[in-house]
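Colleague: I've got a structure open and I'd like to learn how to read it feature by feature. Can you walk me through it?

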Amino acid sequence: MAKKYVIALDAGTTSSRAIAFDKSGNVCGISQRPIPQIYPQPGWVEHNPQDTLATQLGALTELLVSCDIAPSDIDSIGITNQRETVFVWDRNTGAPVYNGIVWQCRRTADMIAEICKDKQVAQTITDKTGLIPDAYFSASKIKWILDNVKGARERAEAGDLVFGTVDTWIIWALTYGAVHATDVTSASRTMLYNIHEGCWDQWLLDLFNIPSSMLPQVYPSSSLFGATANPGIAQGISICGVAGDQQSALFGQCCFEAGQAKNTYGTGCFLLMNTGDKACKSTSNLVTTIAASAPGTKGFEYALEGSVFIAGALVQWLRDELRIISKASDSEKLARSVKDSGGVYIVPAFTGLGAPYWKADARGAIYGITRGTTPAHLCRAALEAIAFEVYDLFRAMEADAYCPISMLNVDGGASSNNFLMQFQSDILESEIRRPKNVETTALGAAYLAGLYSGFWKDKQEIASLRANDDVFEPHMEDFVRKEHLAGWKRAIESTIRY
Ligand code: ADP
């Protein structure tokens, strides 16, 4: 009997989800469990590895029961994960030696600052990994565990401990300890993987003092990682798609060619652009990373990645602090109630300015307020600010890649705001496509699995499933667009000078 579903496991930061996709790429069922967040000290963030598994396997079981999906209906499993988060466990017993250290955790910021005092070392890290050295990536978190958990370094050096990102930990559990593996996109976020040579890098391992015996096998994102063997779940199902969340979303958005990009409008924004087989170096502190590829792709495909810290969070601020809207979606109506922002510009540098400016000590500002400024003007200025931030990233990315972005695919909570999407299209002078199915992160992992298994034939078939998008075309007059951009530029420059 034909298999009906590919299941995506989405190991996010705040929740674990399981989603069933049918052959048309439709969501047929979702189940979700929140992950308890552990904050042992200010700036530290941890997950209990058992919570990660219980929520992920719990979501999977719940999905199968609630949607009446039999194991024989399942074609394969794909996994997407929050990236960079680190688990270390004993390869003999499967017992973790410490909580998972989550990507947001800043405990190793001083360690990275110390290492980067030597500018040449910092540059070599970037040259090898495509990343800007930071506590965010996995390397320093693994070192922290080895240096701070009693007995961990000795056990690691004896070959007893292994490391993994969340995907690795879940694959280990699903295969009942038979497989210790990750995919190239997740490996490329550890700051230990050489993205040009396609291998764990001995120089980096020495720098962070991490034994190579701890590292997982690295496979292409669409390949056979193993089969489920955990007695608690359906047996013998192939796990054959794995990717980090942002790369998975890029794939789920069908950005298969160089010049195709996606932006996720969540709390912050993540803009990724496929740069084909070229690993572009950034001059604006964007990172270079490995993109997920379909089976049979020769070598690697790469992406440039940039992020904005505050995007949807600005809308939350309007709601929770200014209290001028009662829910995020009200921002659209309020913004449309005025014909323009009345000359108001908001620079949402609440936690500093990110790419392409990089000024960590900058703080937010509102310019151009008059006696006639109303909540509606502020709301409109806030949505416009999100679009301006993305504009800056977009142009920086085009300059780094020497390639215009052909069209922007969007997803994430704030992408449902039609005012924002139209304004974004106008400011970028670019077409924007919003898929009907905004579950692009999970969809990417499902596509990767289903392409390997043969559930879907090829990328063309997948791309054809995207027929019914909303499309936003630019139609702002040139002089209006230039005025907007000039105002934004003045606001940014004033914020940097302040
Ligand atoms: P995350 O994955 O980062 O939690 P989501 O993709 O769930 O984010 O999106 C939530 C964010 O999107 C919130 O910051 C919220 O303020 C914003 N948001 C949601 N709906 C809208 C809307 N209609 N207009 C503007 N912003 C919105």
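Colleague: Let's start with the ligand: which residue has a polar backbone atom 2.8 Å from an oxygen atom of the ligand?

Modeller: That's Gly413, through its backbone. Keep in mind that this is a predicted model. Ala414 also offers a polar backbone atom, 3.4 Å from an oxygen atom of the ligand. On the side-chain front, Asn417 places a polar atom 3.0 Å from a nitrogen atom of the ligand. As for cover, the protein takes up 66% of the 580 Å² of accessible area that the ligand has on its own.

Colleague: Which residues around the ligand come nearest?

Modeller: There are 14 residues around the ligand, and Thr267, Gly312, Gln316, Gly413 and Asn417 come nearest. So Gly413 and Asn417 turn up again, if you take the polar contacts and the nearest neighbours together.

Colleague: Which helix gives the largest share of that shell, and what classes of residue are in the shell?

Modeller: Helix α10, residues 312–320, supplies four residues, the largest share. By class, the shell has 10 polar residues, four nonpolar ones and no charged ones.

Colleague: On to charges, then. How many salt bridges does the structure hold?

Modeller: The count is 32. Helices are a handy place to look for pairs, and here's the general idea: an α-helix has 3.6 residues a turn, so residues three or four places apart point the same way. In this structure, take helix α5, residues 152–157: Glu157 and Arg153 both lie in it, four residues apart, about one turn of the helix. Their side chains meet in a salt bridge at 3.7 Å, N to O.

Colleague: Are those two buried or exposed?

Modeller: One of each. Exposed means over 50% relative accessible area and buried means under 20%. Glu157 has 51% relative accessibility, so it counts as exposed, while Arg153, with 13%, is buried.

Colleague: Where else do I find a pair about one helical turn apart?

Modeller: Try helix α11, residues 330–336, where Glu332 and Arg336 are four residues apart. They form a salt bridge, with the closest N and O atoms 3.2 Å apart. Glu332 is buried at 16% relative accessibility, whereas Arg336 is partly exposed at 47%.

Colleague: What about Arg319 and Asp320?

Modeller: Their side chains meet in a salt bridge as well, at 2.7 Å, N to O. Arg319 is partly exposed at 29% relative accessibility, and Asp320 is partly exposed too, at 36%.

Colleague: Which residues are linked in a network of salt bridges?

Modeller: Arg83, Glu84, Arg189, Asp245 and Glu305. Asp245 is also one of the buried residues of helix α9.

Colleague: Why is α9 described as largely enclosed?

Modeller: Because eight of the eight residues of α9, residues 245–252, are buried, the helix is largely enclosed by the rest of the structure. Among them are Gln246, Leu250 and Phe251. Just after α9, look for Cys254, which takes a positive phi of about 60 degrees.

Colleague: Last one, strands. How do I read β17 and its pairing with β18?

Modeller: The general idea first: in a regular strand the side chains alternate between the two faces of the sheet. In this case, five of the five residues of β17, residues 287–291, are buried, so that strand is largely enclosed by the rest of the structure. β17 pairs with β18, residues 301–308, in the antiparallel sense over five bridges. To get your bearings, find Ile290 and its bridge partner in β18, Tyr302.

Technical notes. Residues are numbered from 1 along each chain as its sequence is written. This is a predicted model: local features need pLDDT of at least 70, side-chain atom pairs count only at pLDDT 80 or more; totals for chains, interfaces and linings use all residues. Side-chain values use heavy atoms; hydrogens and water are left out. Buried means under 20% relative accessible area, exposed over 50%, partly exposed in between (1.4 Å probe, protein chains only). Helices (H or I, at least four residues) and strands (E, at least two) are DSSP runs, numbered from the N terminus. Two strands pair if DSSP finds at least two bridges between them. A salt bridge is a side-chain nitrogen of Lys or Arg within 4 Å of a carboxyl oxygen of Asp or Glu. A residue is near a molecule or strand if one of its heavy atoms lies within 4 Å of it. A polar contact is a pair of N or O atoms within 3.5 Å; within protein, one must be able to donate a hydrogen and the other to accept it, and residues adjacent in sequence count only if both atoms are side-chain atoms. Accessible areas come from the Shrake-Rupley method with a 1.4 Å probe; for residues, only the protein chains shown count as cover. Ala, Val, Leu, Ile, Met, Phe, Trp, Tyr, Cys and Pro count as nonpolar, Asp, Glu, Lys and Arg as charged, and the others, Gly among them, as polar.
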